[in-house]
Each structure stands twice: as C-alpha cells, then as structure tokens.
Amino acid sequence: MSGAGKKITDVAFKASKNIDWDGMARLLVTDEARKEFATLRRAFDEVNSQLQTKFSQEPEPIEWEYYRRGIGSRLVDMCKEAYDSIEIPKYVDTVTPQYKPKFDSLLVELKEAEEKSVKESERLEKEIAEVQDLKKKLSTMTADEYFEKHPDLKKKFDDEIRNDYWGY
C-alpha cells in the first residue's frame, strides 16, 4: 500500500474513534434532525469501511517464477521490467491546508452556538418550571400574591388606574 493511502486510512480510523455519536444524538430534538443524523452516520460508516477495506490491504506480490515456467522468461522479464518501472505518484494534500482555517472557524462558531443553546435551554427550563408552579397555584392564588412575583405588572395596572385609562 502506498504511504498516502495508509495515512488517509489511519486518519479516518482515528477520527471515527473520537466521534461521540451517542452524545451528539442526545442533543437532537426533532425527528427530521434525527433522520438526517442517522443518514450522516451511515454515510460516514460506509466511507470509513471502504477506507479500511480497500486501502488498508497490501497487494499480493506477483509470483514471477510461476509465470516464467508457464509462459517463458523473455515475455515475463519484459512484463516485470515494465511493472517495476511504474512509479505511483505520492499523494500531496493541497485541500486540507485550504479548508483547515475555515473548519477551525466553524468549530469556534459551533462552540459559541452550543454555549448559547445551553444557556437558552436552561432559561427555558426554568421558565417552564415557573409556569408549571404558577399553574398549580393559580386557582388558590390572590392578586396580591401574583403581583408580589410580578411587581412591574402591578405598577402598570396602578398607573392605568391612577390615569383613569381602562383600555378603551
């Protein structure tokens, strides 16, 4: 196997070990997102499997002596010479340096979006808990108890009453 093919296979294999598929799946909310995520994971696994099978195997060496006995040494020597003269070019990665800065900036944006999302999720969870608590107490709560929790609303109503504004 060429050095570049083996290097690509090794990098893909290491990358697949570092991916927390289950952790990412837990973050998904909608069924459509889960479906797209499953498609992405399947595609990644297929590509990784192909890299592992196609590019990680060394080609079987040619048994030149076997062919010399059956065909003749002159023709086999010509084929061997032509085979040995083939030079497989080394893979030079010109794409990664081009896209690495873009990828790194996207990772930074992703982390920022993740932090915002976590904060917003915590805020919403707190708000849901408050609304559920209010829902339980609403049937027995007095106006003073409600206004105690919402002083800005009390001020608004007091101002409306004071200014004789009744909404019409």
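**Side-chain contacts and helix geometry**

With a relative accessible area of 25%, Asp-159 is classed as partly exposed, where buried means under 20%, exposed over 50% and partly exposed in between (1.4 Å probe, protein chains only). The structure is a predicted model, in which local features need pLDDT of at least 70, side-chain atom pairs count only at pLDDT 80 or more, and totals for chains, interfaces and linings use all residues. Residues are numbered from 1 along each chain as its sequence is written, and side-chain values use heavy atoms, with hydrogens and water left out.

Asp-159 is the partner of Arg-162 in a salt bridge, with 2.7 Å between the closest N and O atoms; such a bridge requires a side-chain nitrogen of Lys or Arg within 4 Å of a carboxyl oxygen of Asp or Glu. Arg-162 is itself exposed, at 60% relative accessibility. About one helical turn separates the two residues, because they sit three residues apart in helix H8 (residues 151–162). An α-helix has 3.6 residues a turn, so residues three or four places apart point the same way.

The salt-bridge count comes to twelve. In helix H4, Arg-68 and Glu-65 lie three residues apart, about one turn of the helix, and their closest N and O atoms are 2.7 Å apart. Arg-68 is partly exposed at 22%, and a network of salt bridges links Glu-65, Arg-68 and Asp-77. Helix H6 hosts a bridge between Glu-127 and Arg-123, four residues apart, with a closest N to O distance of 2.8 Å. Both ends of this bridge are partly exposed: Glu-127 at 39% and Arg-123 at 42%.

Turning to the fold, the protein chain contains eight helices and zero strands, these being DSSP runs (H or I, at least four residues, for helices; E, at least two, for strands) numbered from the N terminus. Of the 168 residues in the protein chain, 8% are buried. Helix H6 (residues 95–137) has 43 residues and should span 63 Å at 1.5 Å a residue, which agrees with the 62 Å between its end C-alpha atoms; the expected span is 1.5 Å times one less than the number of residues. H6 also has a kink of about 30° centred on Pro-101, the bend being the angle between axes fitted to the seven residues ending there and the seven starting there.

Aromatic contacts make up the next group. Rings of Phe, Tyr and Trp (its six-membered ring) pair if their centres lie within 6.5 Å, with planes under 30 degrees apart stacked, over 60 edge-to-face and the rest tilted. The count comes to six aromatic pairs. Trp-21 and Phe-44 form a tilted pair, because their ring planes stand at 55°, with 5.4 Å between the centres. Trp-21 belongs to helix H2 (residues 21–27) and Phe-44 to helix H3 (residues 31–54), so the pair links distant parts of the chain, 23 residues apart. Trp-21 is buried at 10%, whereas Phe-44 is partly exposed at 25%. Tyr-66 and Tyr-67 make an edge-to-face pair, 5.3 Å centre to centre and 80° between the planes.

Those two tyrosines also belong to a nonpolar surface patch of about 960 Å² accessible area, whose members include Ile-62, Ile-71 and Met-78. Helices H4 (64–70) and H5 (73–85) each supply at least two of its residues, and H5 gives the most, with three. Ile-71 lies in the loop between H4 and H5 and is exposed at 54%.

Note on methods. Patches are made of residues with over 30% relative accessible area and no salt bridge: like charges are joined within 9 Å, nonpolar side chains (Val, Leu, Ile, Met, Phe, Trp, Tyr) within 5 Å. Accessible areas come from the Shrake-Rupley method with a 1.4 Å probe; for residues, only the protein chains shown count as cover.
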